[in-house]
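Here are some short exercises to work through with the model open beside you. Try each one yourself before you read the solution.

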Amino acid sequence: MQRTILLILLAGLSLPTVTGASAADQPVGPAGMLCSTTIAVACRADGECESGPAWIWNVPDFIEVDLEAGTLTTAAENPRHRTTPIDVVRRDDGLLLLQGLENRRAFSIVVAEDVGSLTSAIILEDLVVTVFGSCTSMPAAE
Amino acid sequence: MRAMALSLIAVVLAAPATVDCQETTDPAAGQQDLAATLGVYVFPTSDQTPQEQNADEATCYDWAVQKTGTDPFEVSKQAQADQMQASEAMNQTGQIGKGAGVHGAVGGAAVGALIGEIASDDAGSGAAWGAGIGAVHHRRKGRRAQKQAQTQVAADATVTQMGHAERLDDFNKAFSVCLEGKDYMVKY
């Protein structure tokens, strides 16, 4: 009886772990990923910060990360096509790092490959915009 | 007539004059004389009467104006005008940089840059951008320009005020020398 209870408990504990793993199954695919942006925090050099939805700072709601082409682009549904080349792609200890520089803006994007969480910073003179979001894998183009 | 005119000047000068003037009331006359309004202490050493002293001060006032080219009455008016001008200029500096966020909407990123348009006012789809912190970058530059302008205005005003003070000091020297020549003890 005791053994049965123990098994049930173990099964119960392992369930959310398994479920979580399957939901975020390989968020970062070999071809790339589709990322959604949610919240942004912008801070100035004088210490003043504001937070709000990322679009306020003109961050697209969805960004396609093409690791093969080395680009960040707005999703196809976006009426305004925008793209940025990625200068650096590095992987280390389950983290994917993307970096680049465009129009006096440096960016660093970190995606946790196991759960797909996205944390990024866009750095301007006297201003940094930190953007949070999540990513899911994107199938390779056929 | 001249004495009357100078008395009138003295009354006008008395208004912006410093606290010192109030302490230089002529005990004999019971009212402020010309020297007092200039912040100059005058004591008769040869038993001159208050009337003689007033006349001597009027004479020396004219003489000092001629010698220095400075009329304290005019300097006082000029100082007030300069102060108003500086105040106005300072108010105008408050407008500098206020449109900086709007100007940012014109220049900036190349069309189609994803990262390059973040935190930029010129985003085609970023209509709400002006309301967000996105404009802070430009506003900060605007504030920098505003502060520089205010510092410049304050510096200019200080230089102007120093110029007025120097001219008045020069006048008082000449005025004092003249009165000393007429047997008065003078301090300012």
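**Exercise 1. Element order and makeup**

In what order do the elements of chain A run from the N terminus on? Then do chain B too.

Solution. Keep in mind that this is a predicted model.
- Step 1: Chain A runs α-β-β-β-β-β-β-β-β-β-β from its N terminus. That is 1 helix and 10 strands.
- Step 2: Chain B goes α-α-β-α-α-α-α-β, again from the N terminus. Its tally is 6 helices and 2 strands.
- Step 3: Now the burial. In chain A, 27% of the 142 residues count as buried; in chain B, 29% of the 188 residues do.
- Step 4: Finish with contact range. Taking contacts at a separation of 6 or more, residues 24 or more positions apart account for 42% in chain A. In chain B, 61% of the contacts between residues at least 6 apart join residues at least 24 apart.

**Exercise 2. Follow E7 of chain A**

Which strands pair with E7(A), and in which sense?

Solution.
- Step 1: Look at E6(A). E6(A) and E7(A) pair antiparallel over 5 bridges, and Val88(A) has Gln99(A) as its bridge partner in E7(A).
- Step 2: Go to the other neighbour in the pairing. E7(A) and E8(A) also run antiparallel, joined by 8 bridges; here Leu96(A) is bridged to Val111(A) in E8(A).
- Step 3: Check the turns. The E6(A)–E7(A) hairpin has 2 residues between its strands. The hairpin of E7(A) and E8(A) has 2 residues between the strands as well, and Asn103(A) there takes a positive phi near 50°.
- Step 4: Sort the faces. In a regular strand, side chains alternate between the two faces of the sheet. On E7(A), the covered face holds Leu96(A), Leu98(A), Gly100(A) and Glu102(A), while Leu95(A), Leu97(A), Gln99(A) and Leu101(A) make up the uncovered one.

**Exercise 3. Two residues with positive phi**

Are Asn58(A) and Asp93(A) buried or exposed?

Solution.
- Step 1: Start from the usual case: most residues other than glycine have a negative phi.
- Step 2: Asn58(A) has a positive phi near 65° and is in the loop between strands E2 (49-53) and E3 of chain A. Asn58(A) counts as buried because it has 27 C-beta neighbours inside 10 Å, and the cut-off is 20 or more.
- Step 3: Asp93(A) is not a glycine either, and its phi is about 50°. Its place is the loop between strand E6 (88-92) and E7 of chain A. With just 6 other C-beta atoms within 10 Å, Asp93(A) is exposed.

**Exercise 4. Find the cores**

How many residues does the largest nonpolar core have?

Solution.
- Step 1: The largest core has 27 residues, and those with the most contacts inside it include Ala40(A), Trp57(A), Ile118(B) and Ala119(B).
- Step 2: Strands of chain A that each supply at least two residues of this core include E1 (32-44), E7 (95-102) and E10 (127-137).
- Step 3: Another core, of 17 residues, lies apart from it, with Ala35(B), Leu38(B), Val42(B) and Tyr184(B) among its members.

**Exercise 5. Distant in sequence**

How many Å apart in space are Asp47(B) and Asp183(B)?

Solution.
- Step 1: Asp47(B) is in the loop between strand E1 (41-44) and helix H3 (50-68) of chain B.
- Step 2: Asp47(B) counts as exposed because it has 7 C-beta neighbours inside 10 Å.
- Step 3: C-alpha to C-alpha, Asp47(B) and Asp183(B) are 9.3 Å apart, with 136 residues of sequence separation.

Notes:
Residues are numbered from 1 along each chain as its sequence is written. Chains are lettered from A and ligands numbered from 1 in the order in which they are written. This is a predicted model: local features need pLDDT of at least 70, side-chain atom pairs count only at pLDDT 80 or more; totals for chains, interfaces and linings use all residues. Helices (H or I, at least four residues) and strands (E, at least two) are DSSP runs, numbered from the N terminus. A residue is buried if 20 or more other C-beta atoms lie within 10 Å of its own, exposed if 12 or fewer, and partly exposed in between; C-beta atoms are placed from the backbone. Two residues are in contact if their C-beta atoms, placed from the backbone, lie within 7 Å. A nonpolar core is a set of buried Ala, Val, Leu, Ile, Met, Phe, Trp, Tyr and Cys residues joined through C-beta atoms within 7 Å. Two strands pair if DSSP finds at least two bridges between them.
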